[in-house]
Every structure is written in C-alpha cells, then in structure tokens.
Amino acid sequence: MIADAFAALSDVVSKPFRAILLRTLGLTLAGLIALWIVLVWVFNHFVTLPWGWAETTVDIIAGAGFVVAMVFLVAPVSSLVAGLFLDDIAEKVERTAFPSDPVGSPLPLPQVLVSSLKFFGVVILANLIALVLLLLPGINLVAFLLVNAYLLGREYFELAALRFRPYEEARTLRRAVAGQVFGAGLIVALFVMIPIVNLATPLFATAFMVRLHKRISAQGRTSAQGAV
C-alpha cells in the first residue's frame with residue numbers, strides 16, 4: 001500500500017498527468033473560492049453587529065473560522081472534482097502502470113454526477129460534525145482523520161472498482177477488503193491535511209485507489225487459481 005501511495009505521488013507530478021493536474025487544481029481551487037464567497041455572504045447577511053471593536057473582533061474570529069472551514073471543505077470539493085476527471089486519471093494510470101492489462105470502461109456521466117453529488121453532501125455533513133468536535137481537545141484531529149479515512153477510502157475505491165465491476169460487486173469487494181480500503185483512505189485523509197498540496201487530492205487519490213484495486217484484484221485471481 002505504501003508503494004502504491006508513492007507511485008501515485010509520482011503520478012501527480014509526472015508529465016503525462018500535468019494537464020489533468022492543472023485542470024483539477026483549477027476546478028478544486030475555484031470550488032473552494034466559490035464556497036468562501038458563499039460563507040462570507042451568509043455571514044455578512046445574517047450577522048449584524050454595532051460598529052467598533054466588537055465588529056472588528058468578530059471579523060477576525062470569523063476570518064480564522066473560514067480558513068479552518070476551507071481545510072475541512074477540501075475533501076468534499078475534491079471528491080466532486082474527482083468525478084469529472086476520474087476516467088481520464090484512471091485510464092492513464094491503467095495504461096502506464098499496467099500496460100499488459102485491459103483498461104476499464106468509462107463510467108456513465110449521469111452515474112458519476114449523482115454519485116459525486118451524494119458523496120459531496122455526505123462528506124459535508126460528516127465534516128461539519130468533525131468541525132464541531134474541534135471544541136473538544138484531544139479528539140478533534142482524530143475525528144477528522146477517521147471520518148475522512150472512511151469516506152474518502154470508500155468513495156475513491158468504489159469509483160476505481162466500478163470501471164471493472166458492477167455496482168453491487170464493487171461494494172461487496174470494498175467491504176471484503178475494508179481494512180485495506182480504510183488504511184488507504186487514512187493516507188488520503190493525511191494528504192488532505194497538507195495545505196496547498198491537498199488541492200491535488202483528486203489526482204492523487206484516484207491514482208492511488210486505481211493501483212490498490214488492481215493489486216487486490218490480482219491477489220484475488222491468484223488465490224482463485226491456487227484454490228483450483
């Protein structure tokens with residue numbers, strides 16, 4: 001798994017992935033800026049304070065809160081962007097890292113959009129809960145990592161698996177290797193916590209999970225052949 005993660009990191013900065021990297025960075029950053037604007041508008045629209053030191057103090061606190069919120073929002077925004085570029089990223093990884101294997105089938109766009117939007121909502125809700133837990137020292141970071149490890153691992157692994165398997169089979173496989181998927185999700189969650197670098201989460205996570213799915217699939221074939 002660690003080798004898969006380092007290989008995915010190499011993909012992020014490699015020449016074949018440069019155009020996709022720029023597009024994912026641009027869209028992820030644009031999504032975060034849009035959410036920042038919405039948060040500022042909501043705050044200014046609904047929070048009214050008297051002029052003076054109180055307003056200045058609250059503005060400073062709110063600004064710091066918005067920065068923290070952006071860290072938590074990288075995961076859901078990146079997952080939404082990943083849906084748009086999944087097939088491009090996955091196909092490049094499959095062709096370059098596994099040239100002797102057949103490439104997967106592109107996912108239908110409606111399926112990708114519905115899945116990405118549903119996951120976006122789930123991750124937003126989960127991270128809002130984790131954000132509240134910031135008030136509880138000692139468990140805030142752990143909560144953030146565990147929530148995102150599970151959700152990001154599940155989403156990206158299933159998206160990679162769906163290129164080769166029907167939906168129910170992909171879910172069954174994910175559950176059968178839940179420990180590995182969670183471990184990989186934890187690596188992605190740690191990646192999300194790195195400022196600036198985390199804007200490349202869609203590319204890194206997709207490349208990582210494509211490799212993980214390929215390795216698990218190969219192990220399954222080997223076990224089946226051994227049983228015969």
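Let's start at Arg-174, which sits in helix H6, the stretch covering residues 167-176. Keep in mind as you look around that this is a predicted model. You might expect to find an arginine out on the surface or tucked away, so is Arg-174 buried or exposed? With a relative accessible area of 9%, Arg-174 counts as buried, because the cut-off for that label is anything under 20%. Setting aside neighbours within four places in sequence, the residues in contact with Arg-174 are Tyr-150, Arg-154, Phe-157, Glu-158 and Val-181.

One of those contacts, Glu-158, leads us straight to the largest pocket, as Glu-158 is among the residues nearest the pocket's centre, along with Ser-115, Lys-118, Glu-155 and Tyr-167. The lining of this pocket counts 14 residues in total, and the volume comes to about 300 Å³. Which helices build the lining? Helix H4 (109-132), H5 and H6 each bring at least two residues to it. The largest share belongs to H4, which gives six residues.

Now step back and take in the whole chain. How many helices and strands are there? The count is eight helices and zero strands, so reading from the N terminus you simply meet α-α-α-α-α-α-α-α. The chain has 228 residues, and 41% of them are buried. Look at the contacts between residues at least 6 apart in sequence, and you'll find that 82% of them join residues at least 24 apart. As for the outside, the chain exposes about 11900 Å², with carbon and sulfur atoms supplying 74% of that area.

A good place to see two helices meeting is Ala-189, found in helix H7. Its relative accessible area is 0%, so Ala-189 is buried. Which residues does Ala-189 touch, not counting those up to four places away in sequence? They are Phe-144, Leu-145, Asn-148, Ala-149 and Leu-152. Take Ala-149 from that list: the two alanines, Ala-189 and Ala-149, are 40 residues apart along the chain, yet their C-alpha atoms are separated by 5.4 Å.

Right next along the sequence you come to Leu-190, also a resident of helix H7. Leu-190 has 43% relative accessibility, so this residue counts as partly exposed. Leu-190 belongs to a nonpolar patch on the surface, together with Leu-141, Val-142, Leu-146, Tyr-150, Phe-182, Leu-186 and Met-193. Taken together, the patch has about 660 Å² of accessible area. Helix H5 (140-161) and helix H7 (178-192) each supply at least two of its residues, with the largest share, four residues, coming from H5. You may recognise Tyr-150 in the patch, since Tyr-150 is also one of the residues in contact with Arg-174.

Next, the charged pairs. A search of the whole structure turns up eight salt bridges. One of them links the side chains of Arg-215 and Asp-4, at 2.9 Å from N to O. Arg-215 lies in helix H8 and Asp-4 in helix H1, so this pair ties together parts that are 211 residues apart in sequence. Asp-4 counts as buried at 11% relative accessibility, while Arg-215, at 23%, counts as partly exposed. Helix H1 spans residues 2-13, and besides Arg-215, Asp-4 is in contact with Phe-208, Arg-211 and Leu-212 once neighbours within four places in sequence are left aside.

While you're in helix H8, which runs over residues 201-227, have a look at Ser-217. Ser-217 is buried, at 11% relative accessibility. The C-alpha atoms of Ser-217 and Ala-161 are separated by 9.3 Å, and their positions lie 56 residues apart along the chain.

A second salt bridge joins the side chains of Arg-95 and Glu-91, again at 2.9 Å from N to O. Both of these residues lie in helix H3 (residues 53-97), four residues apart, which is about one turn of the helix. Glu-91 is partly exposed, with a relative accessible area of 29%.

Finally, Arg-165 and Glu-169 meet through their side chains in a salt bridge of 2.9 Å, N to O. Arg-165 is buried at 18% relative accessible area, whereas Glu-169, at 38%, is partly exposed. Salt bridges that share partners also join Asp-87, Glu-94 and Arg-163 into one network.

Notes:
Residues numbered from 1 in each chain as written. Predicted model: local features only at pLDDT ≥ 70, side-chain atom pairs only at ≥ 80, totals over all residues. Heavy atoms only, no water. Patch = residues over 30% accessible without salt bridge, like charges linked within 9 Å, V, L, I, M, F, W, Y side chains within 5 Å. Areas by Shrake-Rupley, 256 points an atom, 1.4 Å probe, with all protein chains shown as cover. Salt bridge = Lys/Arg side-chain N within 4 Å of Asp/Glu carboxyl O. Buried < 20%, exposed > 50% of the residue type's maximum accessible area, 1.4 Å probe, protein only. Contact = heavy atoms within 4.5 Å. 1 Å grid on protein atoms, 1.4 Å probe; cavity = no way out; pocket = protein on both sides within 12 Å on 5 of 7 lines; lining within 4 Å. Points joined across faces, edges and corners; volume = space filled by probe spheres on them.
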